[in-house]
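This report looks at two secondary-structure elements and how they sit in their surroundings. The sequence and structure come first.

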Amino acid sequence: MPDNASTPAAMSRHEEAMRILADVPREPGVPKPDPILVADHVTRSFGGLKAVDVSHVEIQRGSITALVGPNGAGKTTFFNLLTGFDTPDTGSWLFNGKDLAGVPSYRVARMGMVRTFQLTKALSKMTVIDNMRLGATHQVGERMLQALLGLWRGQEKTVTAQADELLARFKLLEKREDFAGSLSGGQRKLLEMARSLMTDPTMVMLDEPMAGVNPALTQSLLEHIKGLREQGMTVLFVEHDMDVVRDISDWVIVMAQGSVIAEGPPGEVMRNEAVISAYLGGHHDKALTDSGVSFTEEASGT
Amino acid sequence: MDWSYIFAVMVTSAFGLQAIVFGLAAIGINVQFGYTGLLNFGQAAFMAVGGYAVAVTVVELNMSFWWGVVFGLIGAVILALLLGVPTLRLRADYLAIVTIAAAEIIRLILRSVTFKDFFGGSDGKQAFADGFFAMNFLPPDADLRIGPAVVNESQLFTYIVGWSLVALACLVVWLLVRSPWGRVVKGIREDEDAVRSLGKNVFVYKMQALVLGGLFGALAGFITAVGAQNVNPDSFKTDATFFAYAILILGGAARVFGPVLGTVIFWALFQGTDVFLRQAIDAGVPIVSLMDGTQAAVLRVMLVGLGLMLLMIYRPQGILGDRRELALDAR
Ligand SMILES: Nc1ncnc2c1ncn2[C@@H]1O[C@H](COP(=O)(O)OP(=O)(O)OP(=O)(O)O)[C@@H](O)[C@H]1O
Ligand SMILES: [Mg+2]
């Protein structure tokens, strides 16, 4: 880890990210000092509906960035476009300086950008440990001839050890031999996230990782996500719970009706007029707390 | 009623030519449908490619039997590529439609008058199997007697080769499905987007499964050709594909020995009911003897259908399948 020796180990990445992002203007599409992902003019329509219309957005390397917005804002569609699961009408985007437009989804994952799904995709007829093993990349035994010749046993041990380590971290080790289909919804979320980490990613895109996870588990999931940042990964995640957003993110990007309408640190962005009206749809005489979107506490505290 | 004859027919059918041919075809479908989730409804076409490659190579091209085998295998690979390239990126049902149509097109070309000189039209092709039987190492009088049934040395040789191929195919499937390759295709069967998100080229895996299953189909074609010493377009009707599916589901899909067990039981029962009904008619058993032999042949197909329905209701996972895996679907 290229950790700066002068900063203390705990929270160093978070503080570093906050320090770097402190001087970035709070406006939609603002350039970042060291972006890992830069998207330009990405649009996608479904019939007459423009689901995504992002003119410019950048994600800071090594930070946790939250992507928020009301239902139907286009967050999942934007994720799908960036990761090659959907094709945009227009647009280009660079990941680590490489053009990703037209790159198929499996290759995006191999390049280090891995995503999870809003509707969890645990492979239910496979055991938990097999789900995990599947995540490992560059397995010789995944090639047909090598599989036939049995030239994969050595690597399988390494892969399994790595999988067990992650399962332990995500408290799923007791479920190791169970079918993934027998897990609860929250456990499947955990499994999907752990499995995505088996690909050894540099950027993790999580679509509502906390949805359906009980509060006790949420806390540990949040710690895991913070842990990813400490390991030097970049995290972009979609989340509706503003407490969660405020707790872990360094930067927040707000989408509404397909476009980025605001950006800024979590405390500030929710005081933005455009954001409040996007969430409340015109009735912005009300405070956001009354609507159940609870971030005024921080807003009033600053 | 001659019970020993019925029993002899059941035993010879359980291990006979049809059992081998459909066992191989079902092993191919097991790779495609059972493990990878690909609906190939055109397995009959792969069998036809194998069978006709041998016949045409020997009879029309005057080349050896072995070249026929080589051409048959190459032909099966080409057919799989032709079917897979346009469809495997699309939803699963496209492959089903394209394969069933392609199989019929191929069969109609084989039996067409236009190509009669080459493919033999509806008569098919004969007299190409000498090269195969030249390898027969069994002594000329090595007949096998099972009660009143006699298996001559040519048949016995074909069965030995056939069951060896079945064993080889099972070994290949067993080695593959327990490897990381098998893990990927089983993942694809369930949710290909999940597998894609983990960096696997799903298209390539589906293509490999389609090709491998097609190659097993071609092996089935070789055996049916040499065993009958005849290839005929009507042996490769869509029925052949669906018999192979029935066998796979009976034995248990996504189980290495599912197709083998399925084919043994299926053919024993299928031919067993046939002789049973015929004997019952001859013996004047009440009600049954109201039918004639042709009707009895139709009735046994109905009985197979009934049996499959009962199987789907009471044991949908097949004989070797794991019910827990099915139960997980409901969630
Ligand atoms: N496959 C599709 N076909 C048609 N319309 C679609 C499709 N996918 C998304 N949409 C539309 O695009 C818009 C954006 O959807 P998207 O799923 O990206 O929203 P979201 O921001 O992820 O919402 P949520 O917070 O509810 O998950 C919605 O209006 C939706 O109806
Ligand atoms: Mg969404």
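The text below covers confidence, then a strand of chain A, then a helix of chain B.

The model is predicted. The predictor assigns the complex an ipTM of 0.88 and a pTM of 0.91. For chain B the mean pLDDT is 91, with 98% of its residues at 70 or more.

Strand β3 of chain A spans residues 64-68. Five of its five residues are buried, so the strand is largely enclosed by the rest of the structure. In a regular strand the side chains alternate between the two faces of the sheet. In β3(A), A:I64, A:A66 and A:V68 point one way, while A:T65 and A:L67 point the other way. Residues on both sides are buried.

Two strands of chain A pair with β3(A), as listed here.

| Partner strand | Residues | Bridges to β3(A) | Direction | Opposite A:L67 |
|---|---|---|---|---|
| β8(A) | 234-238 | four | parallel | A:V238 |
| β9(A) | 251-256 | four | parallel | A:I253 |

A:L67 thus faces a residue in each partner: A:V238 in β8(A) and A:I253 in β9(A).

Helix α9 of chain B covers residues 180-190. Eight of its eleven residues are buried, under 20% relative accessible area, so the helix is largely enclosed by the rest of the structure. The buried set comprises B:P180, B:W181, B:G182, B:R183, B:V184, B:V185, B:G187 and B:I188. The N-terminal end of α9(B) is capped by B:S179. A side-chain oxygen of B:S179 lies 3.1 Å from the backbone nitrogen of B:W181, and B:W181 is itself one of the buried residues of the helix.

Key: Residues are numbered from 1 along each chain as its sequence is written. Chains are lettered from A and ligands numbered from 1 in the order in which they are written. This is a predicted model: local features need pLDDT of at least 70, side-chain atom pairs count only at pLDDT 80 or more; totals for chains, interfaces and linings use all residues. Side-chain values use heavy atoms; hydrogens and water are left out. Buried means under 20% relative accessible area, exposed over 50%, partly exposed in between (1.4 Å probe, protein chains only). Helices (H or I, at least four residues) and strands (E, at least two) are DSSP runs, numbered from the N terminus. Two strands pair if DSSP finds at least two bridges between them. A polar contact is a pair of N or O atoms within 3.5 Å; within protein, one must be able to donate a hydrogen and the other to accept it, and residues adjacent in sequence count only if both atoms are side-chain atoms. pLDDT is the predictor's confidence in each residue, from 0 to 100.
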